[in-house]
Amino acid sequence: MPCRVNPSRRPAAMGAHPPPRRARGISLIEVMVAVLVLAFALLGLTSMQTRALRTNVSALQRSQASMLGQYMLDLLRVDRETARAGGYNTGTSFSCTSAGLGSSAPLARDNLSQWLDEVKANIGSPGDATTCVRVACTADYVCSVQIRWDDSRAGGEAEQQLTLSSRL
């Protein structure tokens, strides 16, 4: 009589698989831990991006202040006689409004007023009292231009100041 093999009891050599134990896979806790790690990584990435943007704004303000300071020194070179006579001097303190830019020469007054408006438009805001300028020319024809602004919004110090000097 031929030997019959029960299909459920095949020997291992014939390709039978052992009975399944417990199903293995990713548990819910492992998924939650992975999501938590990913969330912290994204939070750190967002923080770095915010800091980079603030630093870029601060660098842009410093570059704008440097260009505007050079612009004023160029205006002083063009109107050299008025500058040497003190027509562009704003006094010993910083001027934050066009009214504080008293000058006897109309061209100097207009140049200073326009320059202050440009400084406020590029670095500060038109109505703020923290973006201020100062121009001082000495008797030995050395003129200095100072620009002061608030950099705390960009993550820097509350008060930044740039000073440029040149002999006319």
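Is Ser 144 counted as buried or exposed at 15% relative accessibility? In this predicted model, Ser 144 counts as buried, because its 15% falls under the 20% cut-off. The residue is found in strand β2. Ala 136 stands opposite Ser 144. Beyond its neighbours within four places in sequence, Ser 144 is in contact with Arg 134, Val 135, Ala 136, Leu 164 and Ser 165. The strand around Ser 144 is mostly covered as well, with six of the eight residues of β2 buried.

The sheet that holds β2 is open and has three strands. Their order is β1-β2-β3, and the pairing is antiparallel. Strands β1 (132-137) and β3 (160-167) stand at the edges. Each has a single partner strand, so one side of each is left without a neighbour in the sheet. From one strand to the next, the twist averages 10°.

Both pairings involve β2. Six bridges link β1 and β2 in the antiparallel sense. Strand β2, residues 142-149, is joined to β3 by eight bridges, again antiparallel. Within that second pairing, Cys 143 has Ser 166 of β3 as its bridge partner. The β1 and β2 strands form a hairpin, with four residues between them. In the turn, Tyr 141 has a positive phi of about 65°.

Two helices were examined alongside the sheet. Helix α1 spans residues 28-78 and has 51 residues. From its first C-alpha to its last, α1 reaches 75 Å. This is close to the 75 Å expected at 1.5 Å a residue. Buried positions in α1 include Ser 58, Gln 61, Gln 64 and Ala 65. Leu 68, Gly 69, Met 72, Leu 73, Leu 75 and Leu 76 of α1 are also buried. The cover over the buried residues of α1 includes α2 (80-84) and α3, together with β1, β2 and β3. Helix α3, residues 106-122, lies across β1 and β2. Its direction makes an angle of about 140° with β1.

Helices and strands meet in the nonpolar interior. The largest nonpolar core has 26 residues. Those with the most contacts inside this core are Met 72, Leu 76, Tyr 88, Trp 115 and Ile 147. Each of α1, α3, β1, β2 and β3 supplies at least two residues of the core. Helix α1 gives the most, with six residues.

Tyr 88 illustrates the contacts made around this core. Leaving aside its neighbours within four places in sequence, Tyr 88 is in contact with Met 72, Leu 75, Leu 76 and Asp 79, among others. Thr 82, Ala 83, Leu 107 and Ala 108 are also in contact with Tyr 88. So are Asn 111, Leu 112 and Val 135. Of these partners, Met 72, Leu 75 and Leu 76 are among the buried residues of α1.

The structure holds two disulfides. With bonded cysteines counted along the chain, they follow the pattern 1-2, 3-4. One disulfide is formed by Cys 96 and Cys 132, with their sulfur atoms 1.7 Å apart. The link is right-handed, with 90° about the S-S bond. Cys 96 lies in the loop between α2 and α3, and Cys 132 lies in strand β1, so the pair ties together parts that are 36 residues apart in sequence. Both Cys 96 and Cys 132 are buried.

The other disulfide joins Cys 137 to Cys 143, with an S to S distance of 2.0 Å. The torsion about this S-S bond is about 115°, so the disulfide of Cys 137 and Cys 143 is right-handed. Cys 137 has 10% relative accessibility and therefore counts as buried. Cys 143 also counts as buried, because its relative accessibility is 1%. Cys 143 thus takes part in a disulfide with Cys 137 and in a bridge with Ser 166 of β3.

Notes:
Residues numbered from 1 in each chain as written. Predicted model: local features only at pLDDT ≥ 70, side-chain atom pairs only at ≥ 80, totals over all residues. Heavy atoms only, no water. Pairing = 2+ DSSP bridges. Axes fitted to C-alpha atoms, helices over the stretch in contact; angles between N-to-C directions. Contact = heavy atoms within 4.5 Å. Expected span 1.5 Å × (residues − 1). Buried < 20%, exposed > 50% of the residue type's maximum accessible area, 1.4 Å probe, protein only. Disulfide = S-S within 2.5 Å. Core = buried A, V, L, I, M, F, W, Y, C linked by side-chain atoms within 4.5 Å.
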